[in-house]
Every structure is written in C-alpha cells, then in structure tokens.
Amino acid sequence: MAVNNNGVDVCYNVQTVVDDKHSLIVDINVINNPTDHGQLSEMSKQAIDAFEVNSIKSLADKGYYNADDLKACDKENITTYVAKQVFSNSTGEREFYCDRFKYDKEKDVYVCPAGYNLKCTIKTPIKEDTKHIEYANYEACSKCQYKDKCTTSKQGRTIRRCVDQDFLDSVDERTAKNKELYKRRQMIVEHPFGTIKRGWGLSYFLTRGLQSVKTEISLAFLAYNMKRAINILGIKEMIKRLEGLLHLSNLYKAYINIYWEIMRTIRVKYEPI
Ligand code: SF4
C-alpha cells in the first residue's frame, strides 16, 4: 500500500477509535486495505456499542472522506467532522485545482477560474462504482489562455461531481463551522500512536498475518490503556479495582476482565463531545 514518502510497501493498516476525554483506545482493527474508505462508520459503530450511547461525534482525517461511508455514519447517528479531500489537476497548478471551480446550484454549472461556465455533459455516472457526473466546456477551453495550466487534455478540462455532492457539502460546512473541535482530532488520535511508536519504539510489527498483527497491536494498546488508566485513576485505585478480579485462575480470563474494567471505567467517565 502507499506510504508517507509516496512509495509503496507491504503494510498493515491499523484503525483505532480514541476517546476524546482520556485518550484511551476504545477499539481497534487491522486491515490490509490501502485506503481508509469504509472504516469510519464501522469503527464509530464499535464506539457507540462500547459506550452504550445512541449517538457520537466522530473526527477523522481526509483519508476517510468517502460519501458512502459518511452517509452510513449519518444513518447511525454518527455526526462526522472530516477534512475535505481536494483533488489536484493533471498539471499540478494550484490555481486550477478542482476546489477553484465554483458550483452554481441554480444554473447547475461550474464556473472555472477563467470565468467560463462548464455545463453538465454526462448526467448519469458512466460506471455504477464511479458515482460521478461530468461538467465541461471544450469550446471555451480551446481558446483559453490558461489551458496549459488547467489541463493536459487536448480536448479541454472536465470536472467530476459526485452524485452525493450535496450531502458532502453539508459535511464540509459542518466541519468548517467547527474548526476548533476538528483541530483536536490530531491531539486525540496521536496521543496513543505517539506514545507507542515514538515513546516505546514500536514502529514495526514482529509478526505477520492479519490475525497475528491484530493480536500484537492489541497487546500494545492494552498496555497503553492500562498505563493511561493508572495515570488517570492512580495506582491505589487501580489496584483496588483490580483486586476483585485477581481470584480468577485463568490468566487469559483475568486480562480480558481487566480490559473490560478499564472500558467500564472510561464509559462511566465519558461524556459525548
Ligand atoms: S482551460 Fe477551460 S476550464 Fe480551464 S480555465 Fe480555461 S476555459 Fe476554464
């Protein structure tokens, strides 16, 4: 899958839900899908179940900006705040990125940076899975002085509009109106990742295979949650709460119960943001 330096490597994609109040891990998953599309609704639903609430607010980065997934969240009472994904054009000229084309809803046209109207040329998606309709004005492009900066297509520039764009616009508006809330996303989610990767040096997996990697990272996050719980409750309170569990002879069972004790503790303290 794609990695940070624009290269490709064999990787695992670790998904986490982190609670806003205590930076505790609520749930995790490991997938081998190179994108995060489709994960937001699944992971947020796990948080709803863990906290036993009817609704939550979910903050996610632009990797989760996917109309189907965001609509699935909407249906489950998950209010999403997700950074908008801005697509570049083929020339890489910032002034001609897609977000510089303004949509005029009344006329159903896109106004390009040169001031021309791009009309809808393909009203139904070409393929079921693309879910885009297209806007263009090749006549204007043919005599436009900016054509070389705008597109590499000989024919002219085409703008694609998602069939769910109106819905995506409402998500964009909500995210833009809640900038301060959204800014906290990085602080919340990077707390555990920063601790585990930078603080503890767990920057690569020792095991291979989805199940093994999931077990490995689960143990790391369990250790992280326990350390956080000790920091939050204090060692005496933690010992007190764990004493009732120590009679269990089965070590595995004890660990599971400790985990759920931690989860119960954060659930009691949790107040939806
Ligand atoms: S090339 Fe076409 S779309 Fe691009 S700025 Fe010129 S007229 Fe507008």
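Here are some notes on this predicted model, going through its cores, its sheet and the ligand shell.

1. Start with the largest nonpolar core, which has 22 residues. Ile25, Val26, Leu40, Ala60, Tyr64, Val82 and Phe221 are the members that touch the most others. Quite a few elements chip in: strands S1 (13-18), S2 (25-31), S3 (56-60) and S4 (78-82), plus helices H1 (39-51), H2 (67-75) and H7 (210-233), each supply at least two residues. H7 gives the most, with four residues.

2. If you want one residue to click on there, try Leu40. Setting aside neighbours within four places in sequence, Leu40 is in contact with Ser58, Ala60, Tyr64, Asp69, Cys73 and Thr80. Ala60 and Tyr64 also sit on the list of core members that touch the most others.

3. As background, nonpolar side chains tend to be buried together in soluble globular proteins.

4. Now the sheet. Five strands make an open, antiparallel sheet in the order S5-S6-S7-S8-S9. S5 (102-104) and S9 (158-162) are the edge strands, each with a single partner strand, so one side of each has no neighbour in the sheet. On average, neighbouring strands are turned by 35° against each other, direction ignored.

5. Going strand by strand, S5 and S6 run antiparallel and are joined by three bridges, with Asp104 opposite Val109 in S6. S6 (residues 109-111) then pairs with S7 (residues 117-122), again antiparallel and over three bridges. Val109 turns up here too, standing opposite Lys119 in S7.

6. What links S6 and S7? The two form a hairpin with five residues between them. Have a look at Gly115 in the turn, which has a positive phi of about 95°.

7. On the next pairing, S7 and S8 (residues 132-136) run antiparallel, joined by three bridges. Cys120 stands opposite Tyr135 in S8.

8. Tyr135 also belongs to a second, separate core of six residues, which includes Cys112, Leu118 and Ala136 as well.

9. Cys112 takes us to the ligand. Which residues are closest to the ligand? Cys112, Ala114, Cys141, Cys144 and Cys150 are, out of 13 that surround the ligand. Helices H3 (138-142) and H4 (147-150) are the elements that give two or more residues to this shell.

10. How does the shell around the ligand split by class? The shell has nine nonpolar, two polar and two charged residues. One thing to keep in mind when browsing: Cys112 is both in the second core and among the residues closest to the ligand.

Note on methods. Residues are numbered from 1 along each chain as its sequence is written. This is a predicted model: local features need pLDDT of at least 70, side-chain atom pairs count only at pLDDT 80 or more; totals for chains, interfaces and linings use all residues. A nonpolar core is a set of buried Ala, Val, Leu, Ile, Met, Phe, Trp, Tyr and Cys residues joined through C-beta atoms within 7 Å. A residue is buried if 20 or more other C-beta atoms lie within 10 Å of its own, exposed if 12 or fewer, and partly exposed in between; C-beta atoms are placed from the backbone. Two residues are in contact if their C-beta atoms, placed from the backbone, lie within 7 Å. Two strands pair if DSSP finds at least two bridges between them. A residue is near a molecule or strand if its C-beta atom, placed from the backbone, lies within 6 Å of it. Ala, Val, Leu, Ile, Met, Phe, Trp, Tyr, Cys and Pro count as nonpolar, Asp, Glu, Lys and Arg as charged, and the others, Gly among them, as polar. Axes are lines fitted to C-alpha atoms, for helices over the stretch in contact, and angles run from 0 to 180 degrees between N-to-C directions.
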